[in-house]
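User: I should like to go through this model step by step, from its overall fold to its core and its ligand shell. Please keep each answer brief.

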Amino acid sequence: KLASREFQKKNTTVTVGKACFGGSRIPIIAGPCAIESYNQLYQTGVSVKAAGAAMLRGGAYKPRSSPYTFQGLEMEGLEIIKTVGRELGLPIVSEVTDPRKVGLIAEYVDMLQVGTRNMQNFVLLQEVALTKKPVLLKRGLAATIEEWLMAAEYIMAGGNNQVVLCERGIRTYETYTRNTLDLTAIPVVKHLSHLPVIADPSHGTGNWRWVSPMAKASVAAGADGLEIEVHPCPEEALSDGPQSLTPGNFSQLMSELKPLATAL
Ligand code: PEP
Ligand code: MN
């Protein structure tokens, strides 16, 4: 299998602009859950860049659990993130949810995110493979490691080897946290596969309080990067406010990660 260590011994590196996953650095992707306005994203982008983030994230198509909540700015959101990314010189990532729109969205972003709810949307995976753009493949919320790697296999078999895996928490019997961040998956996947693996402690915990400790734990476990939700005013966020860091808390986390990242 293309994603397996047997097939390829050497670690794969995935480069997105100046960010490189799987190499000696640990790029941090930061930004709001959803793109809400130009000002919101620009303000977030300036602060996360100043704190040392390597990439800017923001959802334009939001796969929300309820159809009655904010669904994202869609194409307008993509225009905003493309503009802000260019203005700040940060590569950008945004989620694709509809196989029919993948080709179009690939013209706006530097990396395509496949969300947890679509990890086994095989038609979507095949479309993403055709773009040849770097892909951030999030683990399905009830997917085994084997199923997750098989989803990566769909993208690679389709001709796109630029896959970064993202552990974002799985559903367990524990309800105190939104999900259970499976830290063990990080060394396990790195043993089974040559692909880079990053962690998303924001969705992994659902509460900003646990984001920083779990971010550091992920790096200690060998994560090749992190994806972290940051909002200039979390209590006013249209999506995932409770798990979003303020720019100040993000900057604090970045300074705490620095010695850890260089020590490993
Ligand atoms: C997100 O990154 O905003 C997101 C929706 O993530 P997930 O698919 O992991 O829930
Ligand atoms: Mn989110």
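User: How many helices and strands does the protein chain have?
Analyst: The model is a predicted one. In the protein chain, helices and strands both occur; the count is nine helices and ten strands.

User: Which radius of gyration does the protein chain have, and why does it agree with a compact globule?
Analyst: The C-alpha trace spans about 45 × 40 × 40 Å along its principal axes. For 264 residues, a compact globule would have a radius of gyration near 18 Å, so the protein chain agrees with this expectation at 17 Å.

User: What percentage of the contacts with a separation of 6 or more is made by residues 24 or more positions apart?
Analyst: Buried residues account for 53% of the 264 residues in the protein chain. Among contacts with a separation of 6 or more, the share from residues 24 or more positions apart is 66%.

User: Which helix gives the most residues to the largest nonpolar core?
Analyst: This core has 79 residues, of which L137, A152 and V164 touch the most other members. The greatest contribution to this core, seven residues, comes from residues 145-157, that is, helix α5.

User: With which residues is V164 in contact, leaving aside its neighbours within four places in sequence?
Analyst: V164 is one of the core residues that touch the most other members. Beyond those sequence neighbours, its contacts are V14, F21, P134, V135, L136, L137, L195, P196 and I198.

User: How many nonpolar, polar and charged residues does the shell around ligand 1 have?
Analyst: The residues around ligand 1 are C33, G59, G115, T116, K138, R168, D200 and H203. Sorted by class, this shell has one nonpolar, four polar and three charged residues.

Terms used
Residues numbered from 1 in each chain as written. Chains lettered and ligands numbered in written order. Predicted model: local features only at pLDDT ≥ 70, side-chain atom pairs only at ≥ 80, totals over all residues. Near = placed C-beta within 6 Å. Nonpolar A, V, L, I, M, F, W, Y, C, P; charged D, E, K, R; others polar. Helix = DSSP H or I, 4+ residues; strand = E, 2+ residues; numbered from the N terminus. Rg over C-alpha atoms; globule rule 2.2 N^0.38 Å. Buried ≥ 20, exposed ≤ 12 C-beta atoms within 10 Å, placed from the backbone. Contact = placed C-beta atoms within 7 Å. Core = buried A, V, L, I, M, F, W, Y, C linked by C-beta atoms within 7 Å.
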